[in-house]
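Hi,

Here is the structure I said I would pass on. Have a look at it first, and then read my notes below.

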Amino acid sequence: MMTAENDLSAIMDSHSISPVMKGHFDRCIDFHTYPAPGLLIGVFMVDYALELLGATPGEKLYAVAETYKCAPDPLQVILNCTSGNHRLRIIPIGKFAITLNRPSTEAHTDGFRVFVDADKIGRYPVLAAWFRNEPTFKKQSMEQQLLDEIFTAKRDILSAEKVRVEVTPKQKWQSAKCPICGETVPGDMLEDGVCRGCGSMTYYQAVEAVD
Ligand SMILES: [Zn+2]
């Protein structure tokens, strides 16, 4: 019996996926921990956006993902655009779309936005049913066909546009101490004089101090 990975590798080979792209898929699947359909589509999206921008993976680029689902991971793995290095913004619009642009000292710069096209995806019935979260999609029995359609389609379900994006310059900031918890935050992140952790973004209750 073939393992899931061998299986996927065989599907990729049967659709003439290039060694470079296979490398991207392998690294992204490893990072994501499993070959989620959205992740695989995301790899094709990043590859397409790179080509439109005339850029290569080593270049310093800025990226936006319009959803938290899957799409941020190929941007992190292939392009090293991460939340931590401020080169990845995740704007939760809920669309399966990404935008790439180069650094710029101007207030605006041109980039390319790549998205799953609702009209084009209809050419692939299983993929469309999965993408639209339709009850007709049955994961158990349709997963192989779904993967097959993803690698058959490649960029065929994607559309792209040239877009102008705002460049946000690095802000100067000063440290402030929250009067409730005593921890420090950038001053402009205080709300009504207290940190957001003690305010609108509280997410835990202290149980006991450890040290
Ligand atoms: Zn606080």
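**Where two helices meet**

Let me start with a contact between two helices: M21, H24, F25, C28, I29 and H32 of helix 2 meet L39, L40, V43 and D47 of helix 3. Sorted by type, the residues of this contact are 7 nonpolar, 2 polar and 1 charged. Before going further, please keep in mind that this is a predicted model.

How are the two helices placed against each other? In general, a packed pair of helices is described by the angle between the axes and by the distance between them. Here helix 2 (residues 19–32) packs against helix 3 at an angle of about 135°, and their axes are 10 Å apart. Angles over 145 degrees would count as roughly antiparallel, and 65 to 115 as roughly perpendicular, so helix 2 and helix 3 are oblique to each other. As for handedness, helix 2 and helix 3 make a right-handed crossing.

**The sheet**

Next, the strands. There is an open sheet of 5 strands, in the order 2-1-3-4-5, and the pairing in it is mixed. Its edges are strand 2 (88–90) and strand 5 (158–166), each of which pairs on one side only. On average, neighbouring strands in this sheet are turned by 20° against each other, if you ignore direction.

Helix 3 (residues 37–53) turns up again here, since it packs on the sheet and touches strand 3 (97–101), strand 4 (108–116) and strand 5. The direction of helix 3 makes about 145° with that of strand 4.

If you want to look at one pairing in detail, try strand 1 (residues 62–65) with strand 2: they pair in the parallel sense over 3 bridges. Which residue of strand 2 is the bridge partner of A65? That one is I90.

**The whole chain**

Now zoom out. The protein has 6 helices and 7 strands. Read from the N terminus, the elements go α-α-α-β-α-β-β-β-α-α-β-β-β.

The domain assignment gives domain 1 as 4–166 and domain 2 as 172–211. How far apart are the centres of domain 1 and domain 2? Taken over C-alpha atoms, they are separated by 36 Å. For the protein as a whole, the C-alpha trace spans about 60 × 45 × 30 Å along its principal axes.

That's it from my side. Over to you!

Technical notes. Residues numbered from 1 in each chain as written. Predicted model: local features only at pLDDT ≥ 70, side-chain atom pairs only at ≥ 80, totals over all residues. Domains from an automatic or database assignment. Pairing = 2+ DSSP bridges. Helix = DSSP H or I, 4+ residues; strand = E, 2+ residues; numbered from the N terminus. Axes fitted to C-alpha atoms, helices over the stretch in contact; angles between N-to-C directions. Contact = placed C-beta atoms within 7 Å. Parallel < 35°, antiparallel > 145°, perpendicular 65-115°, else oblique. Left-handed = near helix turned anticlockwise from the far one by under 90°. Nonpolar A, V, L, I, M, F, W, Y, C, P; charged D, E, K, R; others polar.
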